[in-house]
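Visitor: I would like a close look at one part of this structure: the charged side chains that pair with each other. Please also show me the strands and helices that surround them.

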Amino acid sequence: MSATPPASSPREPLLLDVEGMKCGGCVRAVEQRLLQTAGVRQASVNLLTRTAWVDLEPRVEGPDGSAVDPLPALLGSLEGLGFHARLRPLEPEPASQRERRQAEQWWRHWRQLLVALLLLLVSGLGHLADAGRLTWGGPWPLLGSPWFHALVATLALAFPGRPILVRGVRSALAGVPGMDTLVGLGVASAYLSSLVGWLWPASGWPCYFNEPVMLLGFVLTGRFLEERARYRTGRAIEELGALQPEHALLLLGDDPPRQVRVGGLRPGDRLRLLPGDRVPVDGVVLEGRSRVDASSLTGESRPQAVEPGSELAAGLLNLESSLVLEVRRSGADSAIARIVCLVERAQARKAPIQGLADRVAGRFTLVVLLLALATLLFWWLWGCRHWPEVLTMGAAVGHGAHGHGALAHGGGAAGTPFSLGLQLAIAVLVVACPCALGLATPTAITVGSGLAARSGLLFRGGDAIETASRLEAVLFDKTGTLTIGRPLVTAVRVLGADPGSPAEAAAAAGLVQLAASLEQHSRHPLAHAVLQEAQCRGLPLLAVSEARTLPGDGVQGLVEGSGLVRVGRLEWLTRLGVGAEPAATVLQQELEADGATLLAVAAEARLLGLLAVADRPRADAAATVSHLRRLGLRLGLLSGDRRASVEDLGRRLGLRPEELAWELRPEQKLERLLLAHGRGAVAMVGDGINDAPALAAADLGIAVGTGTQIAQESAALVVMGEGLDGIVRALEIARRTMAKVRQNLAWAFGYNLVVLPIAAGALLPGFGLSLSPELAALLMAFSSITVVGNALLLQGLPTDPAP
């Protein structure tokens with residue numbers, strides 16, 4: 001990353017990898033610290049992927065007024081909180097390096113699981129030995145020795161438990177206590193009270209060294225399972241990254257192809273692509289004809305034919321024959337790299353619904369600490385005096401109270417008011433689960449956005465997914481959106497010529513030649529249609545001078561051999577004094593009835609004829625409109641085209657007359673959007689180029705069949721490929737995703753509201769029920785795993801629109 005970008009250059013948002021976050025409280029602390037850093041406009045942190053999305057001001061000034069790079073300040077401020085952060089590299093990570101890194105991580109996680117299971121085994125055998133159920137010889141007497149369990153507990157806290165204790169203390173000292181603070185305090189309290197009770201029996205403090213060991217074992221086991229589930233939610237990015245191969249066959253003159261690393265390729269290099277190979281970079285076909293499978297990128301199941309001149313994106317699969325490619329873009333500039341970057345940033349940007357959970361999670365740890373302290377004081381100083389039978393219940397439910405120097409086990413083994421209060425306070429600390437609050441939304445958003453990306457649907461972030469789930473209306477542009485965007489000349493009519501005669505055919509060719517010669521100086525889509533017709537007829541273009549385009553009317557200029565020629569709307573030519581015969585009006589009505597757009601051609605104030613240009617609807621446009629209507633959405637078509645053309649398309653697609661609008665200027669489209677805003681969230685579907693203002697003004701801008709660069713600039717959702725059915729899939733995925741978010745949030749809030757009072761002893765006086773610290777640790781792990789597992793159910797849902 002450059003140290004000091006120019007003041008005028010826009011800054012790309014940063015994506016940071018942040019290590020050490022464990023719960024929603026950590027997320028809230030990281031976000032607040034980022035927002036307090038100079039130059040940061042917005043910040044969004046994802047607990048699941050442990051990333052931070054940071055939007056910066058265009059220019060950040062230092063004390064002397066010079067431009068500075070804010071990245072060191074960002075990383076330093078997070079380091080001060082105890083979170084190590086680094087900038088996500090721009091270049092995609094090679095597959096071999098990614099696999100090696102993942103293997104190392106999983107080996108570390110498996111070691112953690114083995115340690116956790118060993119701790120659970122030792123503490124469980126200690127419970128059985130102390131209860132008298134292991135009375136035979138061998139090592140079992142050792143398991144009943146208090147000094148042995150004291151040694152095991154000390155080693156457990158000093159080695160596998162040390163990271164939890166250190167992070168808990170650091171976050172508490174930084175003023176942002178989190179999950180590690182709660183777990184560390186619970187484990188340390190059980191250990192210290194056992195140590196005091198063992199070394200100083202007269203104190204009457206409980207002595208249960210097995211408790212911190214078992215607590216730590218359950219916590220580490222739960223974190224392994226949670227990490228495993230988290231990995232499954234983020235596999236979409238791994239699968240997308242795996243689409244780009246590491247090596248390619250480089251052509252050097254007449255020499256045989258050489259295998260080289262993709263990262264070393266540069267624009268202009270020539271590659272050999274064999275059948276069965278994936279396209280390693282963005283390139284253009286120089287030689288060969290084949291078919292490619294684009295389903296991995298666009299969701300399009302039908303193979304596409306390619307020939308010399310066809311552009312191919314990285315990640316496509318070559319199916320039939322060998323091709324020669326010229327590299328256009330590689331590395332971070334390739335299509336697959338940009339898609340991965342978009343998905344990563346989308347997963348880092350949270351949905352607005354997560355704001356409530358983050359605000360609660362930010363204060364949740366402090367509330368739990370106060371509740372644990374209140375629980376200890378209540379049962380120690382007052383509860384046991386008011387309900388003395390709870391101590392008897394505790395002895396009956398647990399494994400019994402023990403004398404001096406003995407070990408006490410189980411949540412109910414409380415011989416004194418203080419020991420009961422301490423056990424319940426530890427259970428409160430351990431059973432609380434801010435992790436579930438922090439994971440409720442990002443798990444579902446990550447799985448949903450990954451599922452969408454595999455179908456060729458790119459959401460900009462969780463906010464876009466949430467907006468898509470609550471849409472009330474969808475408005476469409478016409479050209480390039482509901483139609484294929486490539487108009488064709490469908491009819492040529494010459495005035496004064498006998499239909500079907502040789503003279504009429506020659507005059508029609510001359511009419512097309514005149515129009516194409518003039519339209520070569522225009523970039524209008526209709527001009528391309530005329531030029532394509534001239535090319536198909538093999539007509540050479542004539543020399544043109546003084547060409548001039550009049551927006552909204554047409555083109556005029558001096559054409560060799562014909563004088564002043566005008567091509568455009570018939571009404572425009574009439575205003576200029578070009579005589580229109582009655583036959584021209586009849587032809588106009590006849591051609592416009594079929595939905596065509598007319599181009600009138602005139603030379604020296606004389607009307608020569610008419611060209612009919614029509615744009616075909618997309619093959620799945622009618623089915624998409626029908627699906628969206630069944631979803632209960634209001635529909636509309638906003639077009640700048642003529643009324644006849646818009647009404648004809650509306651009839652073909654099943655749109656109602658009141659849903660159509662024609663001859664709209666860009667500002668009028670924006671007015672229509674603003675009017676629709678008052679009746680709920682509105683999506684605007686366009687081609688992502690000419691419709692950028694409307695896409696930006698809508699609640700949800702949807703770009704169809706466009707590149708990812710347009711998506712970054714204007715659209716909140718990009719539907720890749722040439723089909724419209726992806727809109728339906730995207731909206732259904734969004735609705736299912738937000739349903740999972742609401743389920744997860746209900747579970748996270750409900751779990752804590754239910755188990756915290758139980759852990760504090762609310763059911764102890766009336767029912768004799770309480771949570772042991774071990775069971776509390778198990779429930780805490782189960783709560784986080786449930787949230788992640790529920791989000792993973794999204795992966796099993798079909799992504800095809802319902803019939």
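Guide: What follows goes through the salt bridges one at a time, with the elements that hold them. The model is a predicted one.

Some background comes first. Side chains of opposite charge can pair when their charged atoms come close. In this structure there are 21 salt bridges. A few of them are described here.

Take D180 and R223, whose side chains form a salt bridge with an N to O distance of 2.7 Å. D180 belongs to helix 7 (residues 179-199) and R223 to helix 8 (residues 210-233), so this pair links distant parts of the chain, 43 residues apart. Are these two side chains buried or exposed? D180 and R223 are both buried.

Next comes R291 with E320, where the closest N and O atoms are 3.8 Å apart. R291 sits in strand 9 (residues 290-293), while E320 sits in the loop between strand 12 (317-318) and strand 13 (323-329). Because of these positions, the salt bridge ties together parts that are 29 residues apart in sequence. R291 has a relative accessibility of 32%, so R291 counts as partly exposed, as values between 20% and 50% do.

Strand 13 also has a place in an open sheet of six strands, which has the order 6-5-7-13-8-11 and antiparallel pairing. Strand 6 (258-261) and strand 11 (311-312) are the edge strands, each pairing on one side only. Strand 11 runs antiparallel to strand 8 (residues 282-287), and two bridges join them. V284 has E311 in strand 11 as its bridge partner.

A third pair lies within one helix. R537 and E533 meet through their side chains in a salt bridge of 2.8 Å, N to O. Both residues are in helix 19 (residues 525-537), and they are four residues apart, about one turn of the helix. R537 is partly exposed because its relative accessible area is 36%. E533 has a relative accessibility of 18%, so E533 counts as buried, the cut-off for buried being under 20%.

Salt bridges can also be joined up. D17, R86 and R88 are linked in a network of them. D17 falls in strand 1 (residues 14-19), a strand that is mostly covered, with five of its six residues buried. Strand 1 pairs with strand 3 (residues 51-56) in the antiparallel sense over four bridges, and L14 stands opposite V54 of strand 3. Strand 1 also pairs with strand 4 (residues 84-87), again antiparallel and over four bridges. There V18 stands opposite A85 of strand 4. R86, from the network, falls within the residues of strand 4.

For contrast, here is a part of the surface without charged pairs. L373, L377, F378, W380, L381 and W382 form a nonpolar patch on the surface, and together they have about 560 Å² of accessible area. W380 is located in helix 12 (residues 354-386). With a relative accessible area of 38%, W380 is partly exposed.

To go back over the pairs: D180 and R223 link helix 7 and helix 8, R291 in strand 9 reaches E320 in a loop, and R537 and E533 share helix 19.

Terms used: Residues are numbered from 1 along each chain as its sequence is written. This is a predicted model: local features need pLDDT of at least 70, side-chain atom pairs count only at pLDDT 80 or more; totals for chains, interfaces and linings use all residues. Side-chain values use heavy atoms; hydrogens and water are left out. Patches are made of residues with over 30% relative accessible area and no salt bridge: like charges are joined within 9 Å, nonpolar side chains (Val, Leu, Ile, Met, Phe, Trp, Tyr) within 5 Å. Accessible areas come from the Shrake-Rupley method with a 1.4 Å probe; for residues, only the protein chains shown count as cover. A salt bridge is a side-chain nitrogen of Lys or Arg within 4 Å of a carboxyl oxygen of Asp or Glu. Buried means under 20% relative accessible area, exposed over 50%, partly exposed in between (1.4 Å probe, protein chains only). Two strands pair if DSSP finds at least two bridges between them.
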